[in-house]
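User: I am new to this structure and would like to learn how to read its features. Could we begin with the surface and then turn to the ligand?

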Amino acid sequence: MKLPENKAASHQRHALSAQHPILGAAGPEHLHACLPRAADKTAPAISTTPSSTPSPAPSSPASGAPAPPTLQDQQERLDAALAISQIGIWRLELDTGAISFDRQAAAMFGLAADAVSNDEQFLALIHTAERAAFAGSLARIRDGGGALDIEHRLHRGPGWLHSRARLRNTGAAAPAVLFGASVDISARKLAELALRDSAQHYKALIMACSHALYRMNADMSEMHVLEGKNMNIVADCDGRNWLQKLVHPDDRPQLALACAQALQNGSAIEFEHRVRVLGGGWGWVASRAVPLRDEAGVITEWLGMATDINDRKQTEENLWWRANFDVLTGLPNRSLFHDRLNYEIKKAQRSAQQLALLFIDLDRFKEVNDLLGHAVGDRLLVEASLRINACVRQSDTVARLGGDEFTAILTDLGELSHVENTAQKIIAALVEPFRLDDEEIYLSASVGITLYASDAKNADDLIRNADQAMYAAKNAGRNQFSYFTPGMQQQAHKRLRMISDLRNALHDGQLEVHFQPVVALASGAISKAEALLRWRHPRHGLIEPTVFIPYAEDSGLINDIGDWVFEQAALCAQRCSRRLGRAFQISVNRSPVQFRTRPTQLNWSAYLGRLGLPGSSITVEITEGVLLHASAAVTDSLLQYHDAGLEVAIDDFGTGYSSMAYLKKFPIDYLKIDQSFIHDMHRNSADRAIVKAMIVMAHELDLRVVAEGIETREQQRLLIDSGCDFGQGFLFSRAVPAREFESGLGLRH
Ligand code: C2E
Ligand code: MG
Ligand code: MG
């Protein structure tokens, strides 16, 4: 459709066209006339040209009925209405394509002089993005259907117009005319765009921060996840029953309560809970929802944000685990054990039931740990914890209190025999050899048992009782259990007092070293001696080492005491050597505890050097256990002794593992046959045979043999007959103070 152009009219129409209002330079008040009425015969109603026709006289109120408005009145009203509503009107003749604009429309479309006179030029004004839609609407109208209603931009400039047009047939003969009205909607569009931008920014922010966004209706009965993809929150959880569909069952009751409270108070709701995530798992979120209200203050909906706190929860969980569980064995630790014990006591109280508390201590574990190293010790503890756990019921609690101390809380006892059976099962399980790599390690356990409510009614007392009962089991020979009795309490007090007294004994000069001669059996001459410790207690008199050495070992005091004994032995050896004019050897007992390296320990060979004594002046007596679980520290010490000329004896041979294998592995010089074999030799042929065999084997291995505890001439004779090298016993002499011993030197027995 090509429309003839009326250039003159067009020129006139646009001659005073205003600046483009959407570009912001001019407002509607700057608009000028654009459509001279002469050129717009068919549209007198939309002409905005002020009329020069004088107004008719206003109707006189006195004349009664109001006079009908004049054409000028109507025109003025229309002009005013159009100016106020800021609507621009345009008119398009469909047949000819001629187009005309009123002032406001011309300003809106940014029409310059002679710019637009037909529909093609008009379309060129429309932004290319909306032009096709605009043209399509016009074409449809022309074909007899629809209307034009479109938001569009102009080809030039960033502004937006909302244009609407409708066909108006002025009569069958008259050409079809399209009346269009356009409004500047730039401000709204800008606001919308800004809103969209900020929404997008907000969304991007949420995505970047791993947040999820949701919305709930006023009574929280419905929930919609607006954005949860970045947290993998399941998408099909929207709507009703969100609590059931989305929230972890354990968190539902509390969350429902928090929701009810928030609804009641109209306050924000904050909660940490687990939500269902894609893949079927649960994820932790910190959720916060705030109410949105209308002008009247009534809540219309809730807007909420959920933050991913999985990492924090994981850290918290780890910390909690570390605070309550033993890292090595995975068992509850001391702290959780206390909680459980208190809890079980309350439960037993309510149900009038008994409960048993067992303290389990691995016998000689410290020895193994020191000798074989901590890595082996750790593996033993893990294995021991598994064995103990396997002996109790699911409802019982096994905990590790530290070191080699375990505890078990046995509940729902029913029969008391169950406690004893369990204790026995635990002892039997721990006495089985532990196989680590190629090594077989032998342990045992001492178990102390106390009962709620017969022995004590609170946790602290029960713990103290079980501990004392455990010590009683140890003192009774280990590898057994013991029930708590009131007598144990006294023993425990005694033990603590002993340790405290022993602490001062060394400084206060209460300790003495006595010497017992060791005789060369063939000649009967005193060949050497053993240094044996005595404690002259100010109140209790002379105390045997078998009584107090275990306390010294438990408390660590054995280190200082042991070094002091060695010094006394070395000084005695020095005096004896001078007196005899030849080297004289003295044996010193060394506890396994003394093989643990520590910074202040005395270097024995260096000390001998300072006294001008050869290394062979001292024999170090160790027990079989030290060799059986020899750690690097033990091996090093033995090699150092060997290099320095000190000799090494295996004490109490036959009472422990009695393995000959290690005798070959280490630089050993003497075997001391335990006195229990000597004691019955004269009347027990089996003992006799064993002693004989030990002597033969020792000689085969190039070791010399000392028989301990010789009390009779018959024992002496049997040992001489068996080829034993040395003898020690009351037959020759008891252990006596240094002065006495030294004065008897040179005697023959
Ligand atoms: P032991 O090293 O086997 O010492 C021998 C023990 O047998 C001594 O007991 C000694 O008095 C005793 N004895 C010697 N001959 C006879 C006898 O004919 N008949 C009987 N019935 N007993 C005899 P003692 O002095 O009571 O020492 C006991 C244990 O205490 C020692 O056994 C040793 O293991 C330990 N001990 C003693 N002094 C020390 C020390 O300074 N350090 C360490 N770590 N342990 C020590
Ligand atoms: Mg000894
Ligand atoms: Mg001995």
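Analyst: Certainly. Please keep in mind that this is a predicted model. Let us start with one residue: at 52% relative accessibility, Val 327 counts as exposed, because the cut-off for that class is over 50%.

User: Where does Val 327 lie in the chain?

Analyst: Val 327 belongs to the loop that runs between helix 9 (310-324) and helix 10 (334-351).

User: Which residues form a nonpolar patch on the surface with Val 327?

Analyst: The partners of Val 327 are Trp 320 and Trp 321, and together the three have about 320 Å² of accessible area.

User: Let us turn to the ligand. Which residues come nearest to ligand 1?

Analyst: One begins with the residues around the ligand. There are 22 around ligand 1, of which Arg 534, Asn 589, Asp 651, Glu 711 and Phe 730 come nearest.

User: Which atoms of ligand 1 lie 2.6 Å from Glu 711 and 2.8 Å from Asp 651?

Analyst: For Glu 711, a polar side-chain atom is 2.6 Å from a nitrogen atom of ligand 1. For Asp 651, an N or O atom of the side chain is 2.8 Å from an oxygen atom of the ligand. Glu 708 also places a polar side-chain atom 3.1 Å from a ligand oxygen.

User: How much of the accessible area of ligand 1 does the protein cover?

Analyst: On its own, ligand 1 has 790 Å² of accessible area, and the protein covers 85% of this. Strand 19 (525-537), helix 16 (545-555) and strand 23 (647-653) each give two or more residues to the shell; the largest share, 4 residues, comes from strand 19.

User: How is the shell around ligand 1 divided by class?

Analyst: The shell has 8 charged, 7 polar and 7 nonpolar residues.

Key
Residues are numbered from 1 along each chain as its sequence is written. Chains are lettered from A and ligands numbered from 1 in the order in which they are written. This is a predicted model: local features need pLDDT of at least 70, side-chain atom pairs count only at pLDDT 80 or more; totals for chains, interfaces and linings use all residues. Side-chain values use heavy atoms; hydrogens and water are left out. Patches are made of residues with over 30% relative accessible area and no salt bridge: like charges are joined within 9 Å, nonpolar side chains (Val, Leu, Ile, Met, Phe, Trp, Tyr) within 5 Å. Accessible areas come from the Shrake-Rupley method with a 1.4 Å probe; for residues, only the protein chains shown count as cover. A salt bridge is a side-chain nitrogen of Lys or Arg within 4 Å of a carboxyl oxygen of Asp or Glu. Buried means under 20% relative accessible area, exposed over 50%, partly exposed in between (1.4 Å probe, protein chains only). A residue is near a molecule or strand if one of its heavy atoms lies within 4 Å of it. A polar contact is a pair of N or O atoms within 3.5 Å; within protein, one must be able to donate a hydrogen and the other to accept it, and residues adjacent in sequence count only if both atoms are side-chain atoms. Ala, Val, Leu, Ile, Met, Phe, Trp, Tyr, Cys and Pro count as nonpolar, Asp, Glu, Lys and Arg as charged, and the others, Gly among them, as polar.
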